[in-house]
Amino acid sequence: YYKKALEKVHSDKNKFKILYNIGVTYFNQGVKLYKNNYEDREAFQSAFKKSIEYLEQARSIEPKNKRILSMLMKAYQM
């Protein structure tokens with residue numbers, strides 16, 4: 001739903017929110033995969049990479065937003 005919404009919004013404020021939420025969703029998926037099966041590194045690393053992709057897009061809209069910077073630090077760390 002977020003990806004569909006992203007195609008339809010035009011304001012940067014709304015794009016930021018959607019990109020941030022997509023990034024957080026992928027991050028949470030990565031954490032869940034990490035906790036449930038650490039041996040399947042490819043699966044959780046893929047989720048974290050997707051998270052970073054969307055979080056970086058959000059950061060390009062609001063580069064000084066502390067929430068986005070915090071989430072990016074966590075995603076890169078993982």
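Which helices do the buried residues of H4 pack against? They pack against helix H2 (12-36) and helix H3 (41-61), where contact means heavy atoms within 4.5 Å.

## Basis

This is a predicted model, in which local features need pLDDT of at least 70, side-chain atom pairs count only at pLDDT 80 or more, and totals for chains, interfaces and linings use all residues. Residues are numbered from 1 along each chain as its sequence is written, and side-chain values use heavy atoms, with hydrogens and water left out.

## Helix H4

Helices are DSSP runs (H or I, at least four residues) numbered from the N terminus. H4 covers residues 66-77; its 12 residues should span 16 Å (1.5 Å times one less than the number of residues), and its end C-alpha atoms are 16 Å apart, which agrees. At the start of H4, the backbone nitrogen of Arg-67 lies within 2.9 Å of a side-chain oxygen of Asn-65.

## Two sides of H4

Ile-68, Met-71, Leu-72 and Ala-75 are the buried residues of H4 (under 20% relative accessible area, 1.4 Å probe, protein chains only). They fall within an arc of 105° seen down the helix axis, so they line one face of H4; the arc is taken from the directions from the axis to the C-beta atoms. On the other side, Lys-66, Met-73 and Gln-77 are exposed (over 50%).

## The core

The largest nonpolar core (buried Ala, Val, Leu, Ile, Met, Phe, Trp, Tyr and Cys residues joined through side-chain atoms within 4.5 Å) has 19 residues. Tyr-20, Leu-55, Ile-68 and Met-71 have the most contacts inside it. H2, H3 and H4 each give two or more residues to this core, and the largest share, 8 residues, comes from H2.

Leaving aside neighbours within four places in sequence, Met-71 is in contact with Tyr-20, Val-24, Phe-27 and Leu-55.

Note on methods: Polar contact = N/O pair within 3.5 Å; in protein donor to acceptor, adjacent residues only side chain to side chain.
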